[in-house]
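Biologist: Let us go through the terms one by one. I will ask what stands behind each.

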Amino acid sequence: MSLKNMTITPGWEKYMTKEYIDLVERGPYGKQKKVSEMGSFKEILEEHPMCAGCAMTLFIRLTMVGLPNPEHTILIGTAGCGRLALTQTSIPFIYGNYGDTNAVASGLKRGLEVRFKDQAKDVVVMAGDGGLADIGFSAVMHSWFRKERFTTIMLDNEVYGNTGGQESGMTERGALLKMAPKGKLFDKMDMIGLAKTSGVAYIARLTPTNPTRVASVVRKAVMIAREVGPTFIQAYTSCNIEYAIPTPKVLDDARDIESKRYGFMEIISDEAKAYLDSIDTAKKAKKE
Amino acid sequence: MYLVAHIDQAICSETACRLCTQYCPEANTILYDNAAKTAFVAVDRCKGCEICVGICDDLAKHHAIKMIMITDLQDTFELSKEGFRPESWTGKHP
């Protein structure tokens, strides 16, 4: 997939849907759009069947704005809520089986590096806490140990939202859920600590309370994954159904959780920092 | 019947804060007309979650967005009918 492939062959415009034409002519391909421009360009994400007021949808929408080169990106997901929106983006999406998302991404990234030597292709894994921390745990860890160059984004809603509210490894201790009526007995898994131990080049933990920050974190993570090594983003994206949050209060809840326990955190390796600085210097030199 | 977000463009056009366009979970639902400096809603995409109302009232403190019954709207903008064509926006939005 590239910008050239998206362009409609002359004479065939009348057979294409309105949405596709809008995307090619007024979409973000080839131009780096900012969060502040949202609402005045055609977005990569289309209509999707996710619940009203879902924080995960907001996070995915902002992620799509943050991608540095959407036309050269491939998304990988698995069963879970996130794939309902991810499949409605105009970015190639691979539906990995439960457990193998990061193994698929490893092979894909290596293949793309061989096939496209002159063009950087970004691979982004986006799956839920169940898909990455529970079922996909071993593939996630091994992709980090092997220093595979792609981004892993965890949509952490702290529950199996799609299947009726079972506790996951990322659920908080004591959380009462429909399928965990006694409350969870164990602590939330420390994925950030595990990522640190495995030597992930860029680690971030955030909530979607600041749209600009979400986009900039995603951009940094994808850029670092291109050259330096694996990157990991853990994002709190509440499930307003399973945690019974009224939709007008979804962002209040995100702000509350952010201030109480989630916070915003970034861990960046020296090599990754030097790489980001070199990009900034090159950009400044270009401007002058 | 159901509720959809409705933006008072007289209030909105005075501020240009654009916060609702960034916090809406749905893509291309709250659109922004750069010429008229106002946000407006594509009602066919609005799921009625009211996040934008909270953002406009509490964060931006402009109180420009209200939830109203879809049947009470005289005229509506639907993205599936009109497509995303900012050049055809006249500055007057329903």
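**Strands, core and contacts**

Modeller: This is a predicted model. In it, strand S5 (residues 202–206) and strand S6 (residues 231–236) of chain A run parallel, joined by 5 bridges.

Biologist: What makes S5(A) and S6(A) a pair?

Modeller: Pairing needs at least two bridges. These strands have 5 bridges, so they pair. Ile203(A) stands opposite Phe232(A) in S6(A).

Biologist: Why are S2 and S7 of chain A called edge strands?

Modeller: The open sheet has 7 strands in the order S2-S1-S3-S4-S6-S5-S7 (chain A), with mixed pairing. Strand S2 (93–95) and strand S7 (265–268) each have a single partner strand, so one side of each lacks a neighbour in the sheet. The twist averages 15° from one strand to the next.

Biologist: Which strands does H5(A) lie across?

Modeller: H5(A) crosses S1, S2, S3 and S4 of chain A, at about 175° to S3(A). Angles run from 0 to 180 degrees between N-to-C directions, so H5(A) and S3(A) point in nearly opposite directions.

Biologist: How many charged residues are in the contact of H5(A) with H7(A)?

Modeller: None; the contact has 4 nonpolar and 4 polar residues. The helices pack at about 35°, with axes 7 Å apart.

Biologist: What makes Cys52(B) part of a nonpolar core?

Modeller: Members are buried nonpolar residues joined through C-beta atoms within 7 Å. Cys52(B) is among those with the most contacts inside the largest core, which has 88 residues. Cys52(B) touches residues including Cys20(B) and Ile65(B). Helix H9 (residues 211–227) of chain A gives the most to this core, with 9 residues.

Note on methods
Residues numbered from 1 in each chain as written. Chains lettered and ligands numbered in written order. Predicted model: local features only at pLDDT ≥ 70, side-chain atom pairs only at ≥ 80, totals over all residues. Buried ≥ 20, exposed ≤ 12 C-beta atoms within 10 Å, placed from the backbone. Helix = DSSP H or I, 4+ residues; strand = E, 2+ residues; numbered from the N terminus. Contact = placed C-beta atoms within 7 Å. Nonpolar A, V, L, I, M, F, W, Y, C, P; charged D, E, K, R; others polar. Lists of a residue's contacts leave out its neighbours within four places in sequence.
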